[in-house]
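I opened the model to look up a few contacts and wrote down what I found. The entries follow in the order in which I made them.

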Amino acid sequence: MLYLELLIQGIIYGSMYAIIAVGLTLVYGLLRILHVAHAGLFALGGYLGLLITNATGSLLLAMPLAAAGVGLVGMVVYRLCYHPILDRPPYVALIASIGLFIAMEEIYRLVFGPYGLTYNDVPLQSQIAFLGMNLRTAELAIVFGSVILLGTLSYLAQKTRIGVAWKATVDDPQMAASFGIDPLKVRYLNFFIGSGLAAIGGIFISLLSNLVEPTMGGVPSYKALAIIVLGGLGNVTGTLIASLVLGVVEAFGTIYIGHLMDRDAIAFAFLILVLMIRPQGMLSGR
Amino acid sequence: MLRLDSLSCGYGAMQAVHGLDLHVAKGSITTLLGANGAGKSSTIMCIAGHVAVHSGEIRYKDRKITDASPMQRIKDGISVVPEGRRLFPNLTVKENLIVGGYSRSRDESNRELERMLSIFPRLEERLGQRAGSLSGGEQQMLAIGRALMSKPELLLVDELSLGLMPKIIDICYRAIAELNKDGLTIILVEQSTHRALEVADQVCVLESGRTVWQGTSDEAQNNVKMIDSLLGLREETSDA
Ligand SMILES: Nc1ncnc2c1ncn2[C@@H]1O[C@H](COP(=O)(O)OP(=O)(O)OP(=O)(O)O)[C@@H](O)[C@H]1O
Ligand SMILES: [Mg+2]
């Protein structure tokens, strides 16, 4: 019973990591940029979600609005921060991204205050019985929400023309352009979707902790970066698997070695261990 | 149909093609010959919009397209089968074809897909297979099919027969001849002089980025020795 409970806890966190890390891996796959500022967008999603929920009382309204808003900000980030330096070596974009992330944290501090915000009335906190366990509605919503969103994404990538165009651009941008696919449009779409998902991730985490603060992107960003390396950089399936594995390892770790290190320390110890054994990632990606 | 007027193009400061003049008539097949590094692929990719023009002009259907983007050119009907095929290896055969027809409407693209599969039935059995896992011959058929999905009026083909079995080469050349009969204008880059001269109307031989011989294919047939020597093939038998 304990095992099942830990497994479920792991899946809950794993889904949350997945929804953050997918945006990151999409950007890496397309542009070969480590998009650290993704975590800043994640935090912005948390803020917008919480503020809209507090103002309107509706989380269901807040989620799409925050996702769309952060998606647009993601497009602006691409246009202003990455687009001008695409032909420079990758570390230039990495430095720009880190700088942008720090700036975003400071902006949140100035605009929303340094101490963080809480919900007037935290949504989805009622307990429900699930396989003999008591779970919070929010936890189930995170798992099902992630499955639905990632499933939709996968459907779009397989079945729509724009999805196929996006995959073609990842494979060979020059040839894709040669057949009439505008690489700029694909990049905007990529940042819109990835950032929108990050926003949902930010809202999910705020539902568990009832806290949105300027630095909330920090730890998830390091984890997500490590996850996409584990999953084989740019490999979406690998990223999803790595997210779930990390969530489950964390959940079991907190029980068995929780007296030695906390949750985040366990996660990073595991990531370091795996990368020492398989530096190319768990699945050998492209 | 297409005119290159003293076209020079290249990569950064490196100039690969120097002052090339070429007139391609509608419905004709033009063959570009030349030794390795002569500038054939650079010329093809320049016409497709991927290599920077240093000077000179490209005119297509009486319009200057020197500065048009690759996306504009495919819409105008210029499509390319690039050197090395450059399929999208992680996409399926069908997805590669969908990308090929991306510049056309969904309906047009679906109609072209049917037509393509009737030209290359081998591809129909493999629609769901990853392009990267196809055999060399199937990849070349797919590369041609992908280029045709955009309903081009001018088809640029780089190295049609390279690395293929004679039987597959036959299939590819038959397809080229059929398409040409239906009015498609074609520029063909070839290593194998013999096959290329058979289908061509016009021949252009490049050396170090300059035209060293230009004429009709009949003239070329009568001067095969001379052309072979220009290509540096004199000591070898030119064809298998
Ligand atoms: N991407 C590139 N960057 C810099 N130089 C290039 C590039 N591609 C080709 N070149 C140079 O341009 C010149 C012409 O090359 P090109 O590929 O056009 O020759 P080719 O006639 O197609 O030869 P091959 O028969 O080997 O395919 C060569 O000197 C080559 O080194
Ligand atoms: Mg070449």
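Ligand 1. I began with Gly37(B), where a backbone N or O atom lies 2.8 Å from an oxygen atom of ligand 1. The model is a predicted one, and I read every distance here with that in mind. I then went to Ala38(B), which has a polar backbone atom 3.2 Å from an oxygen atom of the ligand. For Ser41(B) I looked at the side chain instead, and found one of its N or O atoms 2.6 Å from an oxygen atom of ligand 1.

I also listed the surroundings of the ligand. I noted 14 residues around ligand 1, and the closest are Gly37(B), Lys40(B), Ser41(B), Ser42(B) and Glu83(B).

Thr66(B). Next I looked up where Thr66(B) sits in chain B, and placed it in the loop between strand 5 (63-64) and helix 2 (70-76). Is Thr66(B) buried or exposed? I count Thr66(B) as buried because its relative accessibility is 10%, and the cut-off for buried is under 20%.

I checked what its side chain does. A polar atom of the Thr66(B) side chain is 3.1 Å from the backbone nitrogen of Ile58(B). Leaving out residues up to four places away in sequence, I found Thr66(B) touching Val53(B), Gly56(B), Glu57(B), Ile58(B) and Arg73(B). Ile58(B) thus turns up both in this list of contacts and in the backbone distance.

Interface of chains A and B. I counted 21 residues of chain A in contact with 26 residues of chain B. The two chains bury about 2100 Å² between them, and 62% of that is on carbon and sulfur atoms. On the side of chain A, I noted that Arg161(A), Met175(A) and Phe179(A) lose the most area to chain B, together 40% of what that side buries.

How many salt bridges are there between chain A and chain B? I found two. One I looked up joins the side chains of Lys167(A) and Glu95(B), at 2.7 Å from N to O. For polar contacts across this interface, I have eight residue pairs, both residues at pLDDT 80 or more.

I then asked which elements of chain A supply two or more residues to the side that touches chain B. They are helix 5 (137-159), helix 6 (161-171) and helix 7 (173-178). Helix 6 of chain A gives the largest share, seven residues. By class, I recorded 11 nonpolar, four polar and six charged residues on that side of chain A.

Key:
Residues numbered from 1 in each chain as written. Chains lettered and ligands numbered in written order. Predicted model: local features only at pLDDT ≥ 70, side-chain atom pairs only at ≥ 80, totals over all residues. Heavy atoms only, no water. Helix = DSSP H or I, 4+ residues; strand = E, 2+ residues; numbered from the N terminus. Buried < 20%, exposed > 50% of the residue type's maximum accessible area, 1.4 Å probe, protein only. Polar contact = N/O pair within 3.5 Å; in protein donor to acceptor, adjacent residues only side chain to side chain. Contact = heavy atoms within 4.5 Å. Buried area = accessible area lost by both parts, 1.4 Å probe. Salt bridge = Lys/Arg side-chain N within 4 Å of Asp/Glu carboxyl O. Nonpolar A, V, L, I, M, F, W, Y, C, P; charged D, E, K, R; others polar. Near = heavy atom within 4 Å.
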